[in-house]
Amino acid sequence: MAEGGAPGAGGRIEAVACDFGGVLTTPLMNSFLALQDAHGISAEDFGKAMQAAAAAGDGENPLFKLERGDVTEAEFLEILRDGFEAVAGHRPELHRFREIFCDALDPNEPMIELMRECKRGGHRMAMLTNNVQEWEPLWRTMLPVDEIFELVIDSGYVGYRKPERQIYEITVERLGVPAAACLFVDDMELNCEAARELGFTAVHYREPDQAIAEVRAVLGG
C-alpha cells in the first residue's frame, strides 16, 4: 500500500513524480537478459564482472557512477570489460550496449495512460529517473515524455541517483511543492523508502492493476 506523511495543504497531493524504466516501460530485467543473449554472457558472469570492477575501483558499482554522470558510457564499458577479464579471462566488445538495452523495453501503456490521467487531474508532473546521459535520445523516443511531464529529473544530469536524498530534494524544489504534497511511483522499494523518509507519499509499482488502484486511491479516485 502507499505510505508516507499526510499530503500538503488541504490534504491534497499537488504533484506526481514517476520513474521511467520498469514503471512506464516493461521490466528492466528484459534489457539485462537481452545484453546477456547478445554478448553470450551469463547472468552470473555479468554480476561477477560488476563486482570485480567495483572491487578494483573504490568499491562502488560502476553502473551507479554511470547513472550519476561521474563516468561516460565509454569509460563504463571499459571498466566493465576489465571486470569480465578478471572473472572470465576475456574482454567482450559489448557492441551496441545502449541500443540493445533500450530496444528490449516496450512502453507500459496502462501506466502511461495513468500519468495522462494524473495530468488531466491538474497535478504537476515530473519524471524522476536513474538514467544515462548518452542514452537520452533513445529512451525519449519511446514515450510521450514532453506531452505528459513538465520536468525530467535525470540522474545523469543532476549528479545524484535514487535513493540518494538529494535527487528527491531537487525534484520537489523544481516542482515548487513540498515533499508532503508529492506522490512518487517507483518499481524499487528502496527508492520508495528513501522518498517516504523525506515526506513523500510513495507507491511501490509491482504490476499495473495494483499500482493504478493505489495511485487513484491516494489521489482520491
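## T25 and its surroundings

Let's start with one residue: setting aside neighbours within four places in sequence, T25 is in contact with F20, L105, D106, P107, N108 and M142, where contact means heavy atoms within 4.5 Å. This is a predicted model, in which local features need pLDDT of at least 70 and side-chain atom pairs count only at pLDDT 80 or more, while totals for chains, interfaces and linings use all residues. Residues are numbered from 1 along each chain as its sequence is written, and side-chain values use heavy atoms, with hydrogens and water left out.

So where does T25 sit? You'll find T25 in the loop between β2 and α1 (29–39); helices (H or I, at least four residues) and strands (E, at least two) are DSSP runs, numbered from the N terminus. T25 has 1% relative accessibility, so it counts as buried. Buried means under 20% relative accessible area, exposed over 50%, and partly exposed in between (1.4 Å probe, protein chains only). A polar atom of the T25 side chain also lies 2.9 Å from the backbone nitrogen of G22.

## Strand β3 and its partners

Now look at strand β3 (residues 124–129): five of its six residues are buried, so the strand is largely enclosed by the rest of the structure. Strand β2 (residues 15–18) runs parallel to β3, and four bridges join them. Strands pair here if DSSP finds at least two bridges between them. Four bridges also join β3 to strand β4 (residues 151–154), again running parallel. Try following M127: this residue is the bridge partner of C18, and V152 in β4 is a bridge partner of M127.

T129 is in β3 too, and it is buried, with a relative accessible area of 1%. Its side chain makes a polar contact with the side chain of N131 (3.1 Å). A polar contact is a pair of N or O atoms within 3.5 Å; within protein, one must be able to donate a hydrogen and the other to accept it, and residues adjacent in sequence count only if both atoms are side-chain atoms. Not counting residues up to four places away in sequence, T129 touches D19, F20, V152, I153, D154, S155 and K162.

## Aromatic rings

How many aromatic pairs does the structure hold? There are 10. Rings of Phe, Tyr and Trp (its six-membered ring) pair if their centres lie within 6.5 Å; planes under 30 degrees apart count as stacked, over 60 as edge-to-face and the rest as tilted. F97 and W135 have ring centres 6.2 Å apart and planes at 45°, so this pair is tilted. F97 lies in helix α5 (residues 97–103) and W135 in the loop between β3 and α7 (136–139), so the pair ties together parts that are 38 residues apart in sequence. Both F97 and W135 are buried.

For Y168 and F184, the ring centres are 5.6 Å apart and the planes are at 90°, so the pair is edge-to-face. This pair links distant parts of the chain, with Y168 in helix α10 (residues 165–175) and F184 in strand β5 (residues 182–186), 16 residues apart. Ring pairs also link F32, F46, F76, F84, F97, F101 and W135 into a cluster.

## Helix α12

Finally, check out helix α12 (residues 208–218), where the buried residues are Q210, A211, I212, E214 and V215. These buried residues pack against α6 (109–120), β5 and β6 (201–204). At the start of α12, a side-chain oxygen of E207 comes within 3.0 Å of the backbone nitrogen of D209. After α12 comes G220, whose phi is positive, near 85°.
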